[in-house]
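Please open the structure in your viewer and keep the selection tool at hand. The stops below suggest what to select next and say what is there.

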Amino acid sequence: MYNGGKIIAGLIIFIALVTFPFYTNMGKTIEKPADPTAAADELHIGNVPIGQMRAEHMMILDKWRDEVVRGGERFITFDGDQYEKSIQNGCLACHSKQDFCGKCHNFAGVNPYCWNCHYSSEEDQL
Amino acid sequence: MGMIFSLVAVIFLAAIAFMGAKLNLFGLFGVAIPYLAVLVFIAGFIRKVIKWGQSPVPFHIPTTCGQQKSLPWIKQSKLDNPSTTLGIIGRMALEVLLFRSLFRNLKTHRTDGGPVYGSNKWLWLGGLAFHVTFFVVFIRHLRFFTEPVPAWVNTLDVVDGFVQVGVPHMLITGVVLLAAATYLLLRRIFNPQVKYISLPADYFPLFLIIGIAVSGILMRYFIKVDIIKVKELTMGLATFKTTVPDGIGGIFFIHLFLISVLFAYFPFSKLMHLGGVFMSPTRNLANNSREVRHINPWNPKVKLHTYEEYEDEFREVMKSEGLPVEKE
């Protein structure tokens, strides 16, 4: 081979970059977030099945935000009760930011910008 | 013809993956084929580069685009006509990162007064946009192959989505990648000269990459898949503790299968310019042929008979004939 040293060095660097996920995870056992307990066909606030909520909650929250901010429709009735369409006073009343939202978001590397504005009493910071 | 063939081939591949997912062949399409594809990619890449490394370079053939190194009072164009290794590295870096030679692309117009040459940067812009965004998209996917996800991968995602359009936030690179790949395809279709020289090997990777981009974009914004299960699968691949979770969704297997095809196809296609650009003698040789002699490795061994040997052989005869000799 001509210029063998340079070519082999380049190849080694290339292989090292490409196989990065394999050697950095060597021997690890990955704990995925615990499976959610609620059944996928159970209805959640807004009469949305929980399965759909899991997949599309970000779009539903976005829609609710528009309804609140632009339409002034602050409340939603579900199963006879009134719920506020709000992250702080609604979602976080039952769900925990870190254990509920964060669990999957962190695992999947999702970076929602909800928390740029919204307050979570759990962390006591904006 | 080549275009239709390539399009049909990619649609056929997507259909295979979709059928596979429908038939619950998750182990085959989620584990076996991706592993095989990565293996073929790495082994094929090495084989090709070694093969190129074994090819001799008979002539010293750097392409030069500026004043070569000459007398001290003549200014050398150090990047366009490098004579040192450092210059080569600079030139190669600009070529690989900014496609400098493509920036010189010209378009010729016929006029009554003769040809007119005008600047034509569209191919440079489209090509650069395509490569840069594909690279960023590739790096962004590390979120599926690392746990915990490194902060810089998350930062890349935030920066990429900083226009904050819609939810999940629109990633600029995904959109630009699809637009640029589409431009590169349309260029092959609507530019008659380019169309004339386009082969299935040109259309196929484009359709394949467009297919990958479309399936990825669909999955992110429109046809949702269970991303936690996707990461479970990908982390299983990365840790060699494979799992095949149920119910991810067919579109994911289309995406994964098209990527597997891209990986496996890579070493046997024009996509090998990834490695080849570094091995191009026109780019990686310094223009120093007046300082350093380039020996053609093909040169046969020539049996030399030097003047000294000649004189040794005929000294007595030469002397007897009165011819001058160097050694007595």
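For this tour, a residue is called buried when its relative accessible area is under 20%, exposed when that value is over 50%, and partly exposed in between. Please keep in mind throughout that this is a predicted model.

**Stop one: a helix in chain B**

Begin by selecting helix H13 of chain B, residues 307–320, where Glu311(B) and Arg315(B) lie four residues apart and are therefore separated by about one helical turn. The side chains of these two residues meet in a salt bridge, with N and O 3.1 Å apart, and both Glu311(B) and Arg315(B) are buried. For Arg315(B) the relative accessible area is 12%, so this residue falls under the limit for a buried one.

Now add Asp312(B) to the selection, since its side chain also meets that of Arg315(B) in a salt bridge, at 2.9 Å from N to O. Asp312(B) and Arg315(B) are three residues apart in helix H13 of chain B, and so they too are separated by about one helical turn. Is Asp312(B) buried or exposed? It is in between, because a relative accessibility of 43% makes Asp312(B) partly exposed.

**Stop two: charged residues in chain A**

Move to chain A and select Asp62(A), Arg65(A), Asp66(A) and Arg70(A), which are linked in a network of salt bridges. Within this group, Arg65(A) forms a salt bridge with Asp66(A), the closest N and O atoms being 3.9 Å apart. Arg65(A) counts as partly exposed at 45% relative accessibility, and Asp66(A), with a relative accessible area of 27%, is partly exposed as well. Over all chains, the structure holds 17 salt bridges.

**Stop three: where the two chains meet**

Show both chains together and look at the region between them, where 33 residues of chain A are in contact with 41 residues of chain B. The size of an interface is often given as the accessible area lost when the parts come together. Here the area buried between chain A and chain B is about 3,300 Å², and carbon and sulfur atoms give 72% of it.

How many salt bridges are there between chain A and chain B? The count is one, and to see it you can select Lys32(A) and Glu232(B), whose closest N and O atoms are 3.3 Å apart. Between the two chains there are also 13 residue pairs in polar contact, counted with both residues at pLDDT 80 or more.

On the side of chain A that touches chain B, the elements that give two or more residues are helix H1 (4–18), helix H2 (20–24), helix H3 (50–71) and helix H5 (97–108) of chain A. H1(A) gives the most to this side, with six residues. Coloured by class, the side of chain A that touches chain B shows 21 nonpolar, eight polar and four charged residues.

**Stop four: aromatic rings**

Finally, select the aromatic side chains, which make 19 aromatic pairs over all chains. In one of them, the rings of Phe29(B) and Phe257(B) have their centres 5.2 Å apart and their planes at 65°, so the pair is edge-to-face. This pair links distant parts of the chain, with Phe29(B) in helix H2 (residues 26–53) and Phe257(B) in helix H10 (residues 250–265) of chain B, 228 residues apart. Phe29(B) is buried at 5% relative accessibility, and Phe257(B) is buried with a relative accessible area of 8%.

As a last selection, take Phe14(A) together with Phe41(B), Phe45(B), Phe263(B) and Phe266(B), which form one aromatic cluster.

Terms used: Residues are numbered from 1 along each chain as its sequence is written. Chains are lettered from A and ligands numbered from 1 in the order in which they are written. This is a predicted model: local features need pLDDT of at least 70, side-chain atom pairs count only at pLDDT 80 or more; totals for chains, interfaces and linings use all residues. Side-chain values use heavy atoms; hydrogens and water are left out. Contact means heavy atoms within 4.5 Å. Buried area is the accessible area (1.4 Å probe) that two parts lose on being put together, summed over both. A salt bridge is a side-chain nitrogen of Lys or Arg within 4 Å of a carboxyl oxygen of Asp or Glu. A polar contact is a pair of N or O atoms within 3.5 Å; within protein, one must be able to donate a hydrogen and the other to accept it, and residues adjacent in sequence count only if both atoms are side-chain atoms. Ala, Val, Leu, Ile, Met, Phe, Trp, Tyr, Cys and Pro count as nonpolar, Asp, Glu, Lys and Arg as charged, and the others, Gly among them, as polar. Rings of Phe, Tyr and Trp (its six-membered ring) pair if their centres lie within 6.5 Å; planes under 30 degrees apart count as stacked, over 60 as edge-to-face and the rest as tilted. Buried means under 20% relative accessible area, exposed over 50%, partly exposed in between (1.4 Å probe, protein chains only).
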